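Biologist: I would like to go through this model with you, from the inside outwards. Please keep the answers brief.

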Amino acid sequence: MARGDVVIVGAAETDEVGVLPEHSTLRLHVEGARNAVHDAGLRMSDIDGIAGVSAPGPIQVAHALGIKPRWIDGTGVGGTSFLLHVRHAVAAIRAGHATTVLITHGESGRSQVGPARGALPASSPNAQFEAPYGVYGPPTMFTIPLLRYMKEFGLTAEQLAYVPVAQRKWATRNPRARYRDPITVEDVLDSRMISYPLHLLECCLVTDGGGALVITSADRAGDLPQPPVHILGTGETFESPLISQMEDFTTSAAFRRSSAEAFAEAGITHGDVGHVMIYDAFAHVPIYGLEDMGFVGRGEAGAFIAEGNTEPGGRLPLNTNGGGLSYTHTGMYGMFLIQESVRQLRGQAAAQVPDVEISVALGNGGMFMAAGTLVLSNRTP
């Protein structure tokens, strides 16, 4: 096994992201898949492995695309699933179970065209032990750790509000971003309260869209049109299916463990990283991510972002597509993290960061339930 011997050779999103009522969920998968395979300079007949989240799932997507894979992965752990799919694809290619893997995502999160989301099963742990107390759905779940973090570390409302302000600065440079008008801390704090202390502009978008990746061995990538993006390190883990059972509300054990594994496998230090993508379902998640990955100390990330370190011109560019807060968020956002990391490493991003050689993507699944981390590079290890 050689570090970076498996690469991303195709990466593309659906033609549009945003509000797409004419697109079913399956159509979003298919459109993203076709775009990614075209981006890779391949044909569908070259694909012998497929991965995706259920509803409609990889089997239905493969059938729609005319693919007959010999390797299938339907792992579903929420929005970070696609980062895990990348990890699993690396293992499959190394083991000889597939040569070229297609990972797809499509979600009609805004228009709800296609598979409907089911109600919370009455027997589920959340329905039994959290929902009766009003903890139901992402806004009410995510505020529980946030409130404890604010109490323990003194994170101010203004520092929290600056997270969407910083990411909007990136979005203003991205023509595909859903929201592009600059905003201020005052704008954020004046927006409608959703679930204390989160205001509307501190909550992710709800959009339609999708995308796909094509992964193969570095040996097979030589004649393909796009510069390969090497997968240097990966990590995956979970903490708890219930927000109330986190080990410590002020830190994500899943973030810490998955990132430590990915960094160790990649053989890098924090100083090697020139670009970061952190899942931002809500404004505090990048704060947890920066601390749990070790870029800053405990309780320091709020001030670090508010001081301008993650925005254009800052020393650690973060969420450069605008993130789930300004770019797009279909419900499961992890695919879009990877897409932007690939664009930055290819030098093709709308808001391009100069001289990026290593990008790290950190995904969140559920409400701090699971995590996946990827270390990607445009250089040969």
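**Core, helix and surface**

Modeller: This is a predicted model. A start can be made at I8: outside its neighbours within four places in sequence, I8 is in contact with L213, V214, I215, P227, P228, V229, I231, I338, V342 and L376.

Biologist: How many residues does the largest nonpolar core have, and which helix gives the largest share of it?

Modeller: I8 is among the residues with the most contacts inside this core, along with I103, I215, L290, I338 and V375. The core has 94 residues. The largest share, eight residues, comes from residues 157–171, which are helix 6.

Biologist: How many residues are in the second, separate core?

Modeller: In soluble globular proteins, nonpolar side chains tend to be buried together. Here V9, A12, V30 and L224 are included in a second core, separate from the one just described. The number of residues in that second core is 21.

Biologist: What should helix 3 span, and how far apart are its end C-alpha atoms?

Modeller: Helix 3 covers residues 81–95, which makes 15 residues. At 1.5 Å a residue, the span should be 21 Å. The distance between the end C-alpha atoms agrees with this, because it is 21 Å.

Biologist: Is helix 3 mostly covered or mostly uncovered, and how many of its residues are buried?

Modeller: Buried means under 20% relative accessible area. The residues of helix 3 that meet this are S81, F82, L83, L84, H85, V86, H88, A89, V90, A92 and I93. Helix 3 is therefore mostly covered, since the buried residues number 11 of 15.

Biologist: Which residue follows helix 3, and what is its phi?

Modeller: The residue after helix 3 is G96. The phi of G96 is positive, near 85 degrees.

Biologist: R94 is in helix 3. Which side chain does R94 meet in a salt bridge, and how far apart in sequence are the two parts?

Modeller: R94 is partly exposed at 31% relative accessible area, and its partner, D5, is partly exposed at 24%. The N to O distance in this salt bridge is 2.8 Å. D5 lies in the segment before strand 1 (6–13), so the pair ties together parts of the chain separated in sequence by 89 residues.

Biologist: With which arginines does E247 form salt bridges?

Modeller: E247 counts as exposed, at 57% relative accessibility, whereas R256 is partly exposed at 32% and R257 is partly exposed at 38%. The N to O distance is 3.9 Å for E247 and R256, and the closest N and O atoms of E247 and R257 are 3.8 Å apart. The arginines are R256 and R257.

Biologist: How many salt bridges are found in the whole structure, and which residues are linked in a network?

Modeller: A search of the whole structure finds 12 salt bridges. The residues linked in a network of salt bridges are E13, R176, E340 and R343.

Biologist: Which residues form a nonpolar patch on the surface, and what is their accessible area together?

Modeller: One member is M193, which is in strand 5 (residues 193–195) and is partly exposed at 38% relative accessible area. The patch is formed by M193 with L147 and Y196. Together they have an accessible area of about 310 Å².

Biologist: Which residues does a cis peptide bond join, and what is omega there?

Modeller: Most residues other than glycine have a negative phi, and most peptide bonds are trans. The cis bond is at P197, in the loop between strand 5 and strand 6 (198–199). It joins Y196 and P197, with omega at about 5 degrees.

Biologist: What is the phi of Q112, and what is the phi of D355?

Modeller: Q112 lies in the loop between strand 4 (100–108) and helix 4 (125–129), and it counts as partly exposed at 42% relative accessibility. D355 is in the loop between helix 12 (334–346) and strand 10 (358–365), and it counts as exposed at 76%. Neither is a glycine, yet phi is positive: near 55 degrees for Q112 and about 60 degrees for D355.

Technical notes. Residues are numbered from 1 along each chain as its sequence is written. This is a predicted model: local features need pLDDT of at least 70, side-chain atom pairs count only at pLDDT 80 or more; totals for chains, interfaces and linings use all residues. Side-chain values use heavy atoms; hydrogens and water are left out. Patches are made of residues with over 30% relative accessible area and no salt bridge: like charges are joined within 9 Å, nonpolar side chains (Val, Leu, Ile, Met, Phe, Trp, Tyr) within 5 Å. Accessible areas come from the Shrake-Rupley method with a 1.4 Å probe; for residues, only the protein chains shown count as cover. A salt bridge is a side-chain nitrogen of Lys or Arg within 4 Å of a carboxyl oxygen of Asp or Glu. Helices (H or I, at least four residues) and strands (E, at least two) are DSSP runs, numbered from the N terminus. Buried means under 20% relative accessible area, exposed over 50%, partly exposed in between (1.4 Å probe, protein chains only). A nonpolar core is a set of buried Ala, Val, Leu, Ile, Met, Phe, Trp, Tyr and Cys residues joined through side-chain atoms within 4.5 Å. Contact means heavy atoms within 4.5 Å. The expected span of a helix is 1.5 Å times one less than its number of residues.
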